[in-house]
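Q: Please take a close look at one part of this model and describe what surrounds it. I would like a single connected account.

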Amino acid sequence: MKYKKRQLLLAGIILLPLLFGQFTYRKSGGSHPGSTGAPPENTTCAQPNCHSPALVTYNDTIVNKLIFPTSNNTYVPGVTYKITVQVRNPNISRFGFEILALQYATNTTIGEFSIIDSNRTHLIQRSIGSDDRTSVTHSIDGTPAITLGFNEWSFNWTAPLKNEGDVVFYYSTNSTNNNNNELGDAIYVSSFKIEPDLSNSIAKYVDDKNIIAFFDNKTEQFKINYTLKSDEKVTLNINDNLGRSLYQENNISKIKGPQSDKIAIGTNLSKGLYFINLIVGNTKVSKKVIIN
């Protein structure tokens with residue numbers, strides 16, 4: 001019996017580091033979903049069971065770099081773009097990353113990621129309320145440096161089928177000292193904004209620099225003022241901060257010139273954030289409105 005107990009104890013001692021090794025191995029196979037620094041959580045990989053004691057640095061464009069393939073950082077609806085995230089940190093041999101794309105006006109997922117190299121990157125999912133978020137992160141084979149102190153990952157992002165306004169890529173990279181624990185690692189968090197191509201945007205139809213949206217507390221009406229560059233059909237809708245539709249009117253005929261639309265959707269609206277969406281010619285602009 002004593003001999004068997006010694007055998008079991010020895011087996012446990014041997015298996016313990018193997019199990020721990022498997023844990024750290026799996027951890028290197030991708031970030032915790034929601035580690036890009038994106039709102040509303042603003043969390044990074046510096047969290048328990050990941051890189052909790054790591055130093056977090058924000059907006060270091062020398063270490064962290066996103067390469068978007070258009071010279072003016074604009075997108076055309078429906079077009080697929082190859083994006084590259086790079087990280088540089090001297091003498092580091094292992095890196096990781098995560099990236100997420102959000103619509104600037106609503107902080108909700110926008111566009112669609114797809115994988116180019118399935119050996120080095122993969123998709124992960126996470127839900128924030130009603131927003132199902134898909135990110136790209138590293139796979140295990142994507143963590144070793146390409147050259148000492150440097151790594152990069154490429155993947156595709158397909159723009160939304162219509163102009164959804166500005167888009168922000170929130171991304172973080174980590175530089176690890178490869179010592180099989182969280183101590184001594186570094187996290188870098190950045191964001192990168194792109195804008196709709198003006199030749200395919202609301203600016204073709206509306207003077208987009210002078211769109212004013214607000215809530216009139218006296219009349220309990222939403223109001224939006226804008227100027228059309230030509231006779232157009234306009235669609236207006238209003239959503240709350242959870243994306244629920246509160247009002248929609250389609251294909252309103254408008255003549256060229258200044259417009260002032262008043263929208264009443266009931267009394268005793270809750271305080272908070274709302275979005276007035278103006279759609280003209282299959283392009284859209286969203287304006288935030290706060291009811292105090």
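How many residues line the largest cavity, and which of them lie nearest its centre?

A: The model is a predicted one. In it, 13 residues line the largest cavity, and those nearest its centre are G34, E41, L100, R126 and R133. A search of the whole structure finds one cavity of 30 Å³ or more, and the volume of the largest cavity is about 90 Å³. By residue class, the lining of the largest cavity is made up of four nonpolar, five polar and four charged residues.

Three strands each supply at least two residues of this lining: β5, β7 (121-128) and β8 (131-138).

Of these strands, β5 (94-103) also leads on to β10. The two strands pair in the antiparallel sense, over 10 bridges. One of the contacts joins L102 to its bridge partner V168 in β10. Strand β10 covers residues 167-176, and 10 of its 10 residues are buried, so the rest of the structure largely encloses it. The burial applies to both faces of β10: on one side V167, F169, Y171, T173 and S175 are buried, and on the other V168, Y170, S172, N174 and T176 are buried too. β10 also pairs with strand β11 (residues 186-196), again in the antiparallel sense, through nine bridges. There, V167 has I194 of β11 as its bridge partner.

The loops before and after β5 each hold an asparagine with a positive phi. N91 sits in the loop between β4 (80-88) and β5. Its phi is about 70 degrees, although N91 is not a glycine. With a relative accessibility of 65%, over the 50% cut-off, N91 counts as exposed. N107 is placed in the loop between β5 and β6 (112-115), and its phi, near 55 degrees, is likewise positive in a residue other than glycine. N107 has 26% relative accessibility and therefore counts as partly exposed, a class that runs between 20% and 50%.

One backbone feature remains, in the loop between α1 (2-27) and β1 (55-58), where P40 is found. The peptide bond that joins P39 and P40 is cis, with omega about 5 degrees. Back at the cavity, E41 is one of the residues that lie nearest the centre.

Conventions
Residues are numbered from 1 along each chain as its sequence is written. This is a predicted model: local features need pLDDT of at least 70, side-chain atom pairs count only at pLDDT 80 or more; totals for chains, interfaces and linings use all residues. Side-chain values use heavy atoms; hydrogens and water are left out. Helices (H or I, at least four residues) and strands (E, at least two) are DSSP runs, numbered from the N terminus. Buried means under 20% relative accessible area, exposed over 50%, partly exposed in between (1.4 Å probe, protein chains only). Two strands pair if DSSP finds at least two bridges between them. On a 1 Å grid over the protein atoms alone, a cavity is a set of points where a 1.4 Å probe fits but cannot get out, and a pocket is an open set with protein on both sides within 12 Å along at least five of seven lines; lining residues have an atom within 4 Å of a point. Grid points are joined across faces, edges and corners, and a volume is the space filled by probe spheres set on the points. Ala, Val, Leu, Ile, Met, Phe, Trp, Tyr, Cys and Pro count as nonpolar, Asp, Glu, Lys and Arg as charged, and the others, Gly among them, as polar.
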